[in-house]
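Here is a short tour of a few spots in a protein model. Have the sequence and the 3D view ready, and follow along as each spot comes up.

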Amino acid sequence: MTRKQRRLTMIGGSLAVLAIAAALVLNALRDSIVFFSTPVMVAEKHIPPGRRFRLGGMVLKGSLVRGDNLAVSFKVSDGSATLPVAYKGILPDLFREGQGVVAEGALDGSGVFKADLVLAKHDETYMPKEVADALKKQGHWKDDYGELASHKQGVPR
Amino acid sequence: MIAEAGHYALVLALGLALIQSTVPIIGARLHDGALMNVARSTALAQLLFVLASFAALVTLHVTSDFSVVNVYENSHSLKPMIYKITGVWGNHEGSMLLWVTILALFGGLVAAFGNNLPLSLRAHVLAVQAWVATAFYLFILLTSNPFMRIANPPIEGRDLNPVLQDIGLAVHPPMLYLGYVGFSISFSFAVAALIEGRIDAAWARWVRPWTLVAWIFLTLGIAMGSYWAYYELGWGGWWFWDPVENASLMPWLAGTALLHSAVVMEKRNALKVWTVLLAILTFSLSLLGTFLVRSGVLTSVHAFASDPTRGIFILLILCIFIGGSLTLYIWRASALKQGGLFAPISREGALVLNNLFLTTACATVFIGTLYPLALEVLTGDKISVGAPFFNLTFAPLFVPLMIAVPFGPMLAWKRGDLLGASQRLIAAGIAALIAVAVLWAWTRGGSVFAPLAIGLGVFVIVGALCDLAERMSLFRMPFPVALRRARGLPRSTWGTVFAHAGLGVALIGIVCETTWNTEHIASMKPNDVAQLAGYGLTFEGMAQRQASNYREQIARFAVSRDGQPVAVMTPSKRNFTARGSSTTEAALLRRGVSQLYISLGDTAADGAVAVRMYYKPMVLLIWFGPVLMAFGGVLSLSDRRLRVGAPKPAKASRALQAAE
């Protein structure tokens with residue numbers, strides 16, 4: 001093989017691998033990404049039952065009900081709408097009423113969000129970033145949610 | 001006093017870094033040896049001052065000086081001593097100080113042991129190193145000063161995030177940083193080569209050990225972090241494709257590619273331009289990782305609380321260094337001469353294939369990690385890209401790579417014989433087929449993927465052993481002769497065998513755990529029995545314990561198999577009084593390389609406890625594999641031919657320098 005042929009083989013091979021990778025990525029991006037919504041967005045967008053998405057908001061105070069066999073239900077609120085959530089399993093350590101939560105799952109026929117994953121993705125202020133951003137955007141951000149954070153920054157020097 | 005001294009030492013280090021950034025470059029332009037040698041003394045002095053600064057912060061934490069904001073926010077007087085020390089880097093400011101300390105450490109090592117480097121190359125390398133250091137000193141001093149005081153010091157601190165109060169944290173971040181920051185050396189060498197417009201096989205011989213050191217630490221750091229997540233977060237998961245994890249995986253993939261392409265460059269003087277690019281990309285990905293974790297773009301255990309100025313500052317550093325080095329690359333790369341020729345089927349060809357797949361896999365991880373961020377900026381939509389995406393992209397790219405792994409070392413340089421290599425790998429092929437057949441028969445028509453993937457793992461492991469047997473002429477010569485030959489093999493050959501076998505071991509662990517993991521969740525009262533994978537787990541009751549800074553609820557489980565008692569497992573829940581938060585401490589019981597795993601949930605009003613139990617077959621192989629890889633790296637590093645900083649006797653090089 002001449003130098004040119006060798007180089008062409010190399011470049012051709014590389015391009016083939018890159019093309020395969022690009023096809024894999026595009027295919028995966030179509031099928032396996034999950035959108036994030038708050039209860040009011042769920043109501044506005046009419047998300048069909050069975051479509052997976054991530055639900056974020058505050059766990060409504062007094063809404064947590066523990067059933068038999070580790071079944072739990074609670075309501076997630078973003079200030080203007082609430083959505084009932086059903087989950088079976090163990091809630092993460094950081095799950096509290098009145099604090100932020102992110103759950104992944106899908107709506108069932110009766111409008112209940114069946115979560116199969118409840119995330120404890122918190123920073124030190126116990127507020128998931130997605131939820132904080134969404135609440136701020138909708139104007140429901142209350143300062144006491146960020147109380148810990150502002151306390152931190154307000155430390156006298 | 002100590003805080004001010006630490007602060008002052010850091011400012012002095014910045015001053016030294018500024019001198020080190022400029023004077024040696026001027027020296028190199030003027031061919032002035034004295035000016036170029038400034039780099040060496042400033043690098044060593046810088047290391048001294050940063051170490052002093054770091055020691056000051058450690059002292060403040062150890063003595064619980066709550067008049068310092070950083071200590072107040074992350075420490076507590078009742079915290080055990082070990083966590084007072086590890087808490088130093090369990091927060092944003094402290095971990096950035098650790099970052100620059102390690103950066104200065106690597107710079108100091110090059111200065112101390114780089115006597116045999118050409119004077120101008122060493123001057124350039126240390127100057128580039130100082131550019132990076134300057135940027136990060138400024139970042140710490142301007143946005144995240146760990147030595148800030150409080151006017152009215154509180155009596156007690158706010159304690160460290162309980163999840164971080166664990167021995168895993170003592171080891172994981174320093175390891176990871178040694179890896180991340182270690183790649184700065186190959187970056188500096190690459191940029192120095194571009195500035196000088198000169199690069200040769202000797203360059204690769206210097207770069208390879210440094211890359212190897214960084215790679216070993218990064219490998220161990222990632223494995224350690226994964227094991228920490230496994231036992232501390234209580235979910236039984238060991239890899240979540242979380243952006244923070246991806247941030248460490250990307251430099252690892254690029255670094256692995258760099259390690260292999262540096263071999264080609266050293267041995268065959270080929271792939272120069274590509275190796276330089278990889279060195280730049282690897283450190284760029286390390287910087288990107290630092291940005292993702294430190295800027296607060298992502299929220300996780302690692303992000304701590306952060307404010308936007310820090311994110312913008314790091315983004316600026318990121319743009320300057322990545323943009324600058326790539327511009328320099330485009331401008332100067334053509335000055336580097338092309339090297340040796342090789343046929344597509346050859347050792348070089350196999351290493352190119354390795355590089356191609358590793359960088360492509362790295363690119364898919366990059367897209368999966370940054371696509372959600374880009375989409376949020378562009379359209380405001382929030383999405384999450386999780387495990388399904390990576391299973392569909394990363395995994396298919398790793399399969400051909402792993403098939404190719406055993407072939408690489410079997411092929412000759414320049415022009416290889418694929419048929420011959422296949423014949424020598426016949427044993428590995430047979431072993432893999434037997435493994436697939438046995439597993440498939442055993443699982444009786446279950447998933448086809450698992451037996452095939454395990455077969456691939458077996459192929460990689462036995463393939464590595466075949467290579468070894470071939471080199472020591474086992475089965476062809478009398479055993480003592482083969483043994484003598486084995487002892488005579490270069491350590492780097494042994495390193496390759498261990499590292500490649502480790503890859504196969506890790507794959508087998510991953511496949512076994514994900515396919516045959518059994519999970520059982522139950523609400524249990526005392527004397528309830530749960531059955532899991534042939535084990536009987538009897539809940540015997542709860543006990544209370546008071547430790548120095550938390551209260552612990554300990555559950556007792558008696559484990560039995562076929563009626564015979566095996567062991568007692570004690571998972572617990574800890575309640576940290578200072579922060580009012582709790583953590584779950586899982587209990588692990590090792591059975592061979594498999595594990596039983598119990599973690600606790602909430603206790604209901606009637607005394608029933610939610611319990612999560614797993615049986616995880618072969619799970620320890622997931623971490624045993626990376627340890628083998630790192631061990632292979634250490635063996636390779638100890639090879640006489642590429643011992644750090646000593647490829648040539650020091651005397652000869654001094655004579656050379658004097659002649660310049």
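## A pairing question

Which residue is the bridge partner of Ser77(A) in β5(A)? Look at the model, which is a predicted one, and you'll find that Thr82(A) is the partner.

That pair belongs to a bigger picture: β4(A) and strand β5 (residues 82-88) of chain A run antiparallel to each other, joined by seven bridges. The two strands make a hairpin, with four residues between them. In the turn sits Gly79(A), and its phi is positive, about 100°.

## The other neighbours of β4(A)

Now go to strand β3 (residues 65-66) of chain A, which is also antiparallel to β4(A), with two bridges between them. If you want a pair to look for, try Val65(A), which stands opposite Ser73(A) in β4(A). These strands form a hairpin as well, with four residues between them, and Asn69(A) there has a positive phi near 55°.

Strand β2 (residues 52-59) of chain A joins in too: two bridges link it to β4(A), again in the antiparallel sense. Here Met58(A) has Ser77(A) as its bridge partner in β4(A). You've met Ser77(A) already, as the partner of Thr82(A) in β5(A).

## Why β4(A) counts as enclosed

Why can we call strand β4 (residues 71-77) of chain A largely enclosed by the rest of the structure? Five of its seven residues are buried, so the label fits. To be buried, a residue needs 20 or more other C-beta atoms within 10 Å of its own.

One thing to keep in mind while you turn the view: in a regular strand, side chains alternate between the two faces of the sheet.

## A glycine in chain A

Next, find Gly100(A), in strand β6 (residues 100-107) of chain A. Is Gly100(A) buried or exposed? Gly100(A) is buried, because 26 other C-beta atoms lie within 10 Å.

Try tracing the chain between Gly100(A) and Leu60(A): they are 40 residues apart along it, yet their C-alpha atoms are separated by 9.4 Å.

## A cysteine in chain B

Over in chain B, Cys512(B) is part of helix α19 (residues 491-516). With 23 other C-beta atoms within 10 Å, Cys512(B) is buried too.

What does Cys512(B) touch, leaving out residues up to four places away in sequence? The answer is Pro617(B) and Met618(B). Leu277(B) makes another landmark: from Cys512(B) to Leu277(B) is 235 residues in sequence and 37 Å in space, C-alpha to C-alpha.

Conventions:
Residues are numbered from 1 along each chain as its sequence is written. Chains are lettered from A and ligands numbered from 1 in the order in which they are written. This is a predicted model: local features need pLDDT of at least 70, side-chain atom pairs count only at pLDDT 80 or more; totals for chains, interfaces and linings use all residues. A residue is buried if 20 or more other C-beta atoms lie within 10 Å of its own, exposed if 12 or fewer, and partly exposed in between; C-beta atoms are placed from the backbone. Two residues are in contact if their C-beta atoms, placed from the backbone, lie within 7 Å. Two strands pair if DSSP finds at least two bridges between them.
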